[in-house]
Each structure stands twice: as structure tokens, then as C-alpha cells.
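Subject: A structure to look through

Dear colleague,

I am handing over a structure that I would like you to look through before we next speak. Below it I have written out what was found, going from one pair of helices to another and then to the interior.

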Amino acid sequence: MDLDVFVTTHQAEWARLDALSRTRRLTGEQADELVTLYQRATGHLAKVQAAAPDPTLEGRLTTLVARGRDAVTGSRSSGWRDVGRYFAVSFPATLYRARRWWIPIALVSLLAAALVAWWVANHPEVRDSLAAPAELHEMTRPGGAYEAYYSDRPASSFAAQVWTNNAWVAAQCLMYGIFFGLPVLWVLAGNVINLGLGIGLMASAGRLDLFLGLLLPHGLLELSAVFVAAGLGLRLGWTIVDPGPRDRRTALAEEGRAIIGAVIGLTVVLFVSGLLEAFVTPSGLPTWARITIGAVAEVLFLLYALVLGRRAAADGEFGDVDAADRADLQPVAA
């Protein structure tokens with residue numbers, strides 16, 4: 001094939017395609033012409049690649065075809081509308097669909113933390129195995145480590161540190177799901193044990209009411225985010241074992257995209273809990289007021305996940321990316 005002759009023959013068509021691709025508003029006749037020229041340019045590119053490969057011409061035609069495809073199919077750019085849709089539809093749908101994982105995890109984890117706390121509070125030999133009596137006294141005394149933890153640093157830097165730490169715990173739970181979910185249980189167990197130890201040690205010192213007054217304002221929302229992350233991670237791990245009616249690759253792709261999206265939502269939830277921990281927990285408000293603020297935040301989260309999420313799921317939302325952004329998949333047998 002003579003490339004010079006080929007370019008000369010089709011140059012006018014390519015220029016017209018380029019012009020139409022850059023036009024924002026097309027008439028019906030122009031739209032039909034655009035589709036025809038795009039199809040021809042696609043054929044021209046394939047012919048050049050097969051018969052007379054030329055990097056310069058291939059690059060030119062590839063760019064032209066890509067621009068034409070965007071004009072034909074309609075390119076879509078992300079914006080605030082996508083952000084609003086994510087928080088109003090996708091993220092709550094993800095939370096609702098995973099409720100059979102994270103709600104049982106929350107109940108079992110809280111029960112386990114309560115058992116650890118009871119064991120530590122009622123068995124002096126257990127406490128003695130944890131640390132020397134003087135060290136335990138330093139931790140649980142008025143103004144000690146447990147109490148000073150929330151007020152010995154500037155609130156803004158403390159909020160950033162708490163947010164980073166909690167986000168990392170949640171991210172671990174989400175990432176470890178790919179390993180059949182088993183490491184998620186390890187991360188979750190560590191958090192449950194630490195929670196139970198703190199409650200048990202403060203209870204043994206007769207200061208449980210103060211400790212719960214410091215824990216509950218932010219801890220309700222914070223723990224909910226961790227339980228959700230653990231539930232999503234375990235669900236991803238189970239998808240590897242049992243993908244259901246979907247083929248394993250499709251199931252993992254869908255669940256993986258939902259989890260990637262959940263990272264954004266949980267980061268926001270943990271940011272709110274970090275603000276509560278930095279500015280409400282150590283504040284001079286009465287204990288009942290601080291706990292009420294934390295309880296209201298938790299109730300709002302549950303309504304968001306279970307009521308708004310149920311509505312989104314009923315409309316067929318799976319928490320996946322928008323249909324326009326998904327790859328086309330061939331149907332598979334049921």
C-alpha cells in the first residue's frame with residue numbers, strides 16, 4: 001500500500017472527522033456524518049496497522065479515532081454530581097448490602113470486649129500479668145495515661161493523629177479481605193482486646209464511669225466504622241470462596257470496586273469520629289452531653305446505612321461504580 005496515496009485520498013475525510021469531533025452541538029445530519037466518518041477512520045487505522053505500519057500515521061489516526069469515539073459515545077467527566085451520588089446512593093447501598101456481615105461482627109466483638117473487660121476487672125492475677133502494679137496505677141489514676149490521652153495534645157493535631165490511625169486500621173481490614181479475610185480477624189481481635197483491657201483496668205480502679213464518659217462520645221462511631229471495614233473485608237474474602245451466581249472474576253471486580261469506594265466513605269466517617277474525639281471527648285461539657293452527642297452521631301450513621309441504604313439497594317444499587325464507568329461483560333450462564 002502506498003501511504004502517500006492513501007493519506008492524500010482520505011485526508012479530507014480525516015479533517016472533516018476532526019472538525020465534527022470538536023463541535024459541541026451537532027445537527028442530526030452532522031451526527032450521522034460523524035458516525036460514518038468515525039467508522040471509516042477506524043477501518044483506515046486497522047488497514048494501516050495490518051498492511052503498512054507507520055508509527056506517525058498510526059499515532060495520528062489513533063488520536064483521531066479516540067476523539068471521534070468520545071464525540072460519538074459522549075464523554076463523561078466526574079464532578080460534584082458524582083460526589084453527591086456517591087454519598088447519597090453508592091456508599092449507603094454498600095453499607096446496607098454488607099449489613100449481614102458488619103452487624104454480627106459488631107455484636108460479637110462487643111460481647112468479646114465485655115468478656116475481656118470482666119476477666120481483667122475480676123482477676124487480679126490477670127492484671128498482674130499485664131504490668132507491674134505501679135504501672136497500672138499510673139495508667140488508671142486521676143490524670144493518668146487513660147485520662148490524659150485525650151487532652152495532653154493540641155486538639156487539631158490530636159484529631160489528625162486519631163484520624164490517621166483509625167483510617168489505617170480500617171484500610172487494613174479492607175485490604176486484607178483479598179487474603180480470604182483471615183488477617184481481618186487478627187486486626188479485629190487486636191482492637192477488641194485493647195478495648196476490653198482498657199475497660200477492665202479502669203473498672204478495677206473504680207473509674208469505669210469516667211472511662212465510658214471519655215470513650216462513648218467518639219467510640220460509638222469509630223467502632224462502627226471499624227466493624228464495617230471488617231465486614232466488607234470478610235465479605236470480599238468469602239467472595240473468593242463462593243462468588244455465587246457470578247463468575248469469580250466478575251464477582252471480585254464488583255466487590256473490589258465497592259470496597260475501594262467504601263474507603264472514601266469510611267474515611268469521612270472516621271474523620272467525624274476523630275473530630276469528636278479531639279474536640280468533644282476532652283471538652284468541659286457534662287458527661288451526659290458528650291455521650292448524647294456521640295449517640296446522636298451513631299444513630300445518624302445507622303439511619304444513613306440501614307434506611308437510606310435500604311432505599312438505594314431497593315432501587316437496584318449495588319455500591320459499584322456508575323454503569324457508564326463499568327467495563328462491558330459478556331453474559332454468563334446461570
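To describe how two helices lie against each other, we call their axes roughly parallel when the angle is under 35 degrees, roughly antiparallel when it is over 145, roughly perpendicular from 65 to 115, and oblique otherwise. Please keep in mind throughout that this is a predicted model.

With that wording in place, take helix 1 (residues 3–21) and helix 2 (residues 28–51), whose axes come within 9 Å and cross at roughly 135 degrees; helix 1 and helix 2 are therefore oblique to each other. Their crossing is left-handed, and the residues that make the contact include F6, W14 and L17 of helix 1 together with L34, L37 and Y38 of helix 2. Sorted by class, this contact of helix 1 with helix 2 has nine nonpolar, four polar and five charged residues.

As for the whole, the protein has 13 helices and zero strands. Of its 334 residues, 38% count as buried, and among the contacts between residues at least 6 apart in sequence, 75% join residues at least 24 apart.

A second pair to look at is helix 5 (residues 99–122) with helix 10 (residues 182–204), where the axes come within 7 Å and cross at roughly 40 degrees, which makes helix 5 oblique to helix 10. The crossing of helix 5 and helix 10 is right-handed, and among the residues in contact are A113, V116 and A117 of helix 5 and V192, G196 and I199 of helix 10. The contact of helix 5 with helix 10 divides into 15 nonpolar, four polar and no charged residues.

Turning to the interior, the largest nonpolar core has 33 residues, and those with the most contacts inside it are F91 and V228. The elements that give two or more residues to this core are helix 4 (80–97), helix 5, helix 9 (155–175), helix 10, helix 11 (208–241), helix 12 (248–280) and helix 13 (287–314), with the largest share, ten residues, coming from helix 11. If neighbours within four places in sequence are left aside, F91 is in contact with Y86, A262, G265, L266, V269 and Y304. There is also a second, separate core of 15 residues, which includes A113, V116, V126 and L136.

With kind regards

How values were computed:
Residues numbered from 1 in each chain as written. Predicted model: local features only at pLDDT ≥ 70, side-chain atom pairs only at ≥ 80, totals over all residues. Heavy atoms only, no water. Axes fitted to C-alpha atoms, helices over the stretch in contact; angles between N-to-C directions. Helix = DSSP H or I, 4+ residues; strand = E, 2+ residues; numbered from the N terminus. Left-handed = near helix turned anticlockwise from the far one by under 90°. Contact = heavy atoms within 4.5 Å. Nonpolar A, V, L, I, M, F, W, Y, C, P; charged D, E, K, R; others polar. Core = buried A, V, L, I, M, F, W, Y, C linked by side-chain atoms within 4.5 Å. Buried < 20%, exposed > 50% of the residue type's maximum accessible area, 1.4 Å probe, protein only.
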